[in-house]
Amino acid sequence: MLVQDRSTPKSPKAHIRALHSLHPDRFTEPKNLDFSTWFSENLYKIVTISLLIATVAALFFLRNVADTAALVSYETQAKSLEKIEFPQINWNSVALVSDKSPYANFRSERWILVSVSNYPTDSLRKLVKVKGWQVLAIGNSKTPSDWSLKGAIFLSLEQQANLGFRVVDHLPYDSFVRKNVGYLFAIQHGAKKIFDADDRGDVIDNDLGKHFDVELIGEGARQDIILQYSHENPNRTIVNPYIHFGQRSVWPRGLPLENVGEIGHEEFYTEVFGGKQFIQQGISNGLPDVDSVFYFTRKPGLEAFDIRFDEHAPKVALPQGTMVPVNSFNTLYHSSAFWALMLPVSVSTMASDVLRGYWGQRLLWEIGGYVVVYPPTVHRYDRIESYPFSEEKDLHVNVGRLLKFLVSWRSSKHRLFEKILELSYVMAEEGFWTEKDVKFTAAWLQDLLAVGYQQPRLMSLELDRPRASIGHGDRKEFIPQKLPSVHLGVEETGVVNNEIGSLIRWRKNFGNVVLIMFCSGPVERTALEWRLLYGRIFRTVVILSEQKNADLAVEEGRLDFVYKQLLNIFSRFTSAEGFLFLQDNTILNYWNLLQADKSNLWITDKVSKSWSTVSTSGNSDWFSKQADMVKKVVSMMPVHFQVNYKETINSDQLLTVCSSDVFYIPRRFIADFTELVNLVDNLEIHHKVAIPMFFLSMDSPQNFDPVLSRMIYEENPPSTNSSTFYSDKVPAVHPWTVSSEQEFIKLIRIMAAGDLLLLELV
């Protein structure tokens with residue numbers, strides 16, 4: 001999915017020819033010089049080299065002996081340069097910007113903002129006809145110089161530069177984030193509502209007020225009570241709103257991939273009084289706002305997406321502590337949230353508006369506001385042209401961590417703009433964006449003041465108050481429709497609805513089990529795919545590999561001693577019910593694990609080709625050395641471990657070896673496992689020896705759950721991955737090689753015999 005530009009390597013022969021042409025006399029016969037002649041001709045070179053050597057030696061000497069303090073001072077200054085500087089702003093000295101544009105005297109309370117790179121689309125021509133709204137089109141370096149549309153205000157790059165806004169200096173020339181200029185322009189010209197849109201969406205019935213709450217106060221305000229997601233689960237930080245509107249198998253751009261598998265509808269809702277829904281996110285029919293993972297894996301060939309949502313489902317609010325992806329394609333902002341329109345500039349293109357949405361939602365709680373999601377408000381057309389995964393890279397890597405950070409973030413500042421700047425600064429320190437956005441936030445806030453915007457007053461944070469329990473009378477029910485979806489161009493039917501039920505059962509069974517996966521294959525080609533496959537079922541998927549990959553959240557580990565790294569993962573998920581370890585050469589048919597007892601240990605002790613007990617006599621040195629280390633550890637074991645182990649292995653000359661490709665440790669054995677790993681200490685007991693030793697010490701094999709005993713296990717892989725080797729009737733299959741996206745797609749199609757919904761991924 002990610003295409004990288006690579007320069008074409010030059011031919012070695014061409015390189016030699018080039019050298020020869022540049023230096024025609026390079027290989028001519030050398031002159032016959034005696035030493036005195038050579039010395040006199042090269043004296044300046046000798047002096048120069050001697051001076052360089054002396055200088056380097058002096059620097060090393062100064063660093064280590066004579067002037068350490070000076071060098072330390074230099075290093076301290078260098079480090080201080082790397083530290084992000086917090087902007088200092090005198091909020092009371094920001095002067096108003098005078099409007100010198102041709103529209104200085106124009107005012108409108110309702111604005112539609114679009115970014116344009118091409119000539120006006122049919123959808124944009126319809127937008128200018130939406131009654132009571134002024135369209136503002138923002139150009140960039142790709143926009144035709146003669147761009148024009150009757151009824152719309154167009155700001156070219158040159159016109160934007162002449163507006164006097166500070167943000168202009170920070171904006172890229174070729175990006176939709178230049179809409180930041182448009183937001184300020186609209187506010188300067190009387191905006192009270194801004195509809196953030198794009199140029200390929202038609203407003204349904206040409207009326208933004210059909211579903212949106214355009215008026216929150218006054219005669220036109222609805223003043224109704226709004227359905228709200230329950231706050232009963234304090235650990236839930238994100239919801240997929242598409243489920244509420246009838247599409248369980250579609251997810252919005254910005255939803256953490258580990259949450260894609262959460263497709264169950266709400267057990268119940270609560271209610272909230274309307275009037276503070278300052279950010280209103282609309283749903284789009286046709287091509288909803290989906291990420292490139294959905295677009296690439298669910299795309300039915302060249303057929304355009306036409307996904308429909310329930311237009312009769314009620315709008316739904318988000319309580320403090322719970323967020324929803326917010327985009328820049330179909331979102332209405334009221335003046336109290338205009339500060340939240342800022343599109344960051346240091347992140348990838350398709351991450352900018354989503355990060356803005358999460359950042360803005362967190363700050364919205366500080367003024368008592370909330371986000372509401374509305375039924376379909378526009379129909380967006382799929383142009384069958386996708387954007388690369390690289391433009392979303394800041395989403396899939398960081399968004400889960402960002403949500404947890406934002407919910408836990410607190411500020412002691414006393415004004416909203418001070419909190420905004422502080423949050424932007426801390427987000428840069430945490431690596432969610434860079435110092436560019438700290439400076440950009442400072443410019444943005446000053447520009448808001450310069451166009452006359454008044455920052456809203458702060459309110460106490462509900463998150464910090466004790467929340468009342470939700471009584472039976474406060475619980476409101478709404479069961480979403482199950483609208484047809486698209487699976488490889490085939491509409492969802494009742495059969496697929498049954499599969500949804502199966503997925504819910506699997507998720508309910510394994511939703512608190514952490515899958516730890518070790519990838520020996522190329523993670524840049526498979527890590528995301530493994531998460532998509534297993535993340536639907538398990539609480540989370542932790543991926544380890546010999547090579548760390550921070551962009552894909554792949555952690556570094558050594559397979560030979562991976563059991564030592566498991567302790568760190570155990571400590572990170574203290575509430576997990578258990579931990580399932582899996583190597584990427586083994587395929588897990590999770591639908592055949594439901595009958596297993598999650599309170600017992602699982603391992604392949606009854607799979608003869610995976611588990612064996614060997615005699616160290618007559619075997620290689622490796623077995624003898626491993627046996628000696630096992631003997632040492634067993635001798636240090638507390639009595640209960642030692643008794644368990646020796647009941648099965650009654651001779652020091654015997655060594656149990658297990659491939660340990662797949663095993664499960666329940667919560668009740670984590671402390672035992674940790675104690676045993678600590679006994680190993682620095683001994684280099686191999687993973688294949690340590691794991692069976694631990695299992696035999698923790699419990700008797702007769703208590704191991706036999707669920708893995710029926711797995712297909714061969715020592716040598718088949719020449720090619722074959723459907724005849726695979727079976728969907730067993731709990732696992734070994735070995736199986738997945739080293740590319742094509743091999744993953746082939747695997748998914750075979751596994752679909754056990755989980756029909758897997759066809760959504762290919």
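In this predicted model, the charged end of K564 sits over the ring of F561, at 5.5 Å from the ring's centre. A second arrangement of this kind involves R475, whose charged end is placed over the ring of F268, 4.1 Å from its centre.

From these contacts between charge and ring one can turn to the rings that pair with one another, of which the structure holds 35 pairs. One of them joins W339 and W359, whose ring centres are 6.4 Å apart and whose planes make an angle of 70°, an edge-to-face pair. Since W339 belongs to the loop between β10 (330-334) and α10 (352-364), while W359 is part of helix α10 itself, the pair ties together parts that are 20 residues apart in sequence. Both of these tryptophans, W339 and W359, are buried. Another pair is formed by W530 and F744, and because the ring centres lie 6.1 Å apart with the planes at 85°, this pair is edge-to-face as well. Here the link is between distant parts of the chain, with W530 in helix α15 (residues 523-534) and F744 in helix α21 (residues 741-751), 214 residues apart. W530 and F744 are both buried, and they belong to a cluster in which ring pairs link W506, W530, Y534, Y590, W591 and F744.

Helix α15, which carries W530, also leads to a sheet, for it lies across β14, β15, β16 and β17 (578-583) and runs at about 160° to β15. That sheet is open, with five strands in the order β16-β15-β14-β17-β21 and with mixed pairing. Its edges are taken by β16 (554-556) and β21 (662-666), each of which has a single partner strand, so that one side of each is left without a neighbour in the sheet. On average, and with direction ignored, neighbouring strands of this sheet are turned by 25° against each other. Within it, strand β14 (residues 513-519) runs parallel to β15, and six bridges join the two.

The pairing of these two strands can be followed at a single residue, T540, which has its place in strand β15 (residues 540-545) and is the bridge partner of V514. When neighbours within four places in sequence are left aside, T540 is in contact with V513, V514, L515 and F573. T540 has a relative accessible area of 18% and is therefore buried, the cut-off being under 20%.

A further open sheet consists of three strands in the order β18-β23-β22, again with mixed pairing. Its edge strands are β18 (587-588) and β22 (712-713), each of which pairs on one side only. Between β22 and strand β23 (residues 732-734) the pairing is parallel and extends over two bridges, and V733 in β23 is the bridge partner of I712.

Two helices remain to be considered, and in each the span can be set beside the expected value. For helix α13 (residues 435-450), 16 residues at 1.5 Å a residue should span 22 Å, and the end C-alpha atoms are 23 Å apart, which agrees. Of the 16 residues of α13, 13 are buried, and the helix is thus mostly covered; after it comes G452, whose phi is positive, near 95°. Helix α20 (residues 687-698), with twelve residues, reaches 16 Å from its first C-alpha to its last, close to the 16 Å expected. Eleven of the twelve residues of α20 are buried, so the helix is largely enclosed by the rest of the structure; among the buried ones are H687, P692, M693, F694 and F695.

Technical notes:
Residues are numbered from 1 along each chain as its sequence is written. This is a predicted model: local features need pLDDT of at least 70, side-chain atom pairs count only at pLDDT 80 or more; totals for chains, interfaces and linings use all residues. Side-chain values use heavy atoms; hydrogens and water are left out. Helices (H or I, at least four residues) and strands (E, at least two) are DSSP runs, numbered from the N terminus. The expected span of a helix is 1.5 Å times one less than its number of residues. Buried means under 20% relative accessible area, exposed over 50%, partly exposed in between (1.4 Å probe, protein chains only). Contact means heavy atoms within 4.5 Å. Two strands pair if DSSP finds at least two bridges between them. Rings of Phe, Tyr and Trp (its six-membered ring) pair if their centres lie within 6.5 Å; planes under 30 degrees apart count as stacked, over 60 as edge-to-face and the rest as tilted. A charge sits over a ring if NZ of Lys or CZ of Arg is within 6 Å of the ring centre and within 35 degrees of the ring normal. Axes are lines fitted to C-alpha atoms, for helices over the stretch in contact, and angles run from 0 to 180 degrees between N-to-C directions.
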